[in-house]
Amino acid sequence: MSANAVIARASTIIEQISPDVTADFALRKSLGGDREMEPALKRAIVRAVHAYHRWLGWLDQAERTHRRVAAALELQDRFDAKPDSFKAEALAARSVPQWLAAEVDLTPDYLRQLQRDPALYLRTQREFAASLPRALGSMNRIDSNLMGYSFAPPVDTAFAYTGTRDLHVADEFKQGLFEIQDLGSQIVGHCCAPRPGETWWDTCAGEGGKTLHLADLMDNRGLIWASDRHTGRLAHLRKRAARAQVFNYRSVVWNGGPVLPTKTKFDGILIDAPCSGVGTWQRNPQARWTTTPDDVRELAGIQRQLLDHAAPALKPGGKLVYAVCTITRSETTAVADAFTAAHPELEPLALPVDGGAAQHFVLPEKLNCNGMFLAAWRRRA
Ligand SMILES: C[S@@+](CC[C@H](N)C(=O)[O-])C[C@H]1O[C@@H](n2cnc3c(N)ncnc32)[C@H](O)[C@@H]1O
């Protein structure tokens, strides 16, 4: 595989990106259906497109696209070899938009983490946690106490994948033995800690990443209502659930409004709310340049509404978990604090983190995964 071929293909993909076509979409369209291409070549092209967006603020916009891609890859190599040679001030000025400083503490560690290639994480079904690493190989189990978390029982289903296989075509994937799921998202499932036989509502279930995790933690016993405003995402959830042999769920459309999809009262509600996705900027660097402060403001309003509308469906003693894959103040502590103040019928609930705090940031620079925020409450009896 020649470096020039990678740069040429990455440049063609970058030129297809527009306000209506994201980098991820352009990559999927260009590479997704190409069964002939070597996985290593695909990975190199994806890496080049992401490196381009990671270093965009450092590139000479007057240069032709392929020159800019080559320059981005050079910067990436220099950074990977010596991250400390890049000053935090320069990264803050050129690798993230200027509005971010008002929303996030731009520490040197965080800024450097944003410039690294992301790790790939898998979550196995509990039944296959011992056998899958032997079958698939290149799976490093993440330490069960997950760097300071006190999950009970300890987690043994989270792995970093360091191999080179295209996992989407692996038989074990088609049989639903594992999911590709970021470590931060897996932490959300463990903080919910649903018990077998309970009834949960995953209000923003999307394509079901967390629904499937909750089902596995519940030994597929009890019931999960999985709702979303997008029917297409719920259709995908049903396919994934069938693959994973998960049947203890109901999928329903809910648009986040005051009319709830059921009169059921729940033991637990997870609101994995739509958000600006700032926590995913390492994995999806193009979003740094398309997300705006208006998005953050608008999404904070939607997040608060989802919490207000869903909370009445909790049983007395029931648990409410709010999660977002962002770390902006407006969408995290500000939403959670305002919600706490407006709902005296709920009390903040200790998470199995930070010595029992009721709010918690999963920091990318600490765990090498997406940034997330979690908050939890219990309905007073
Ligand atoms: C962070 S994603 C959910 C990811 C999913 N829980 C998972 O683990 O794969 C947020 C989801 O919220 C949904 N959503 C956005 N606005 C909504 C609303 N007003 N009411 C309900 N769902 C909404 C989106 O369609 C999206 O699927």
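Here are three short exercises, with worked solutions, on a predicted model of a protein with a ligand.

**Exercise 1.** Find the domains of the protein and work out which elements of domain 1 touch domain 2.

*Solution.* Start with the bounds: domain 1 covers 3-81, and domain 2 covers 185-379. Next, look at the spacing, where the C-alpha centres of domain 1 and domain 2 are 32 Å apart. Now go to the place where they meet: seven residues of domain 1 are in contact with four residues of domain 2. On the domain 1 side, α2 (23-31) and α3 (39-54) are the elements that each give two or more residues. The most come from α3, with three residues. Sorting the residues of this side of domain 1 gives two nonpolar, three polar and two charged.

**Exercise 2.** Which residues have the most contacts inside the largest nonpolar core?

*Solution.* First take the whole core, which has 80 residues. Inside this core, the residues with the most contacts are I269, I271, L320, V321, Y322, M372 and L374. Now pick V321 and set aside its neighbours within four places in sequence: V321 is then in contact with C191, C192, L270, L374 and A376. Finally, look beyond this core: another one, of 17 residues, lies apart from it and includes I7, A23, I45 and V49. As background, nonpolar side chains tend to be buried together in soluble globular proteins.

**Exercise 3.** How many residues surround the ligand, and which are the closest?

*Solution.* Counting around the ligand gives 18 residues. The closest are C204, G206, G209, G256 and P274. Sort the shell by type, and you get five nonpolar, seven polar and six charged residues.

Technical notes:
Residues numbered from 1 in each chain as written. Predicted model: local features only at pLDDT ≥ 70, side-chain atom pairs only at ≥ 80, totals over all residues. Near = placed C-beta within 6 Å. Nonpolar A, V, L, I, M, F, W, Y, C, P; charged D, E, K, R; others polar. Domains from an automatic or database assignment. Contact = placed C-beta atoms within 7 Å. Helix = DSSP H or I, 4+ residues; strand = E, 2+ residues; numbered from the N terminus. Core = buried A, V, L, I, M, F, W, Y, C linked by C-beta atoms within 7 Å. Buried ≥ 20, exposed ≤ 12 C-beta atoms within 10 Å, placed from the backbone.
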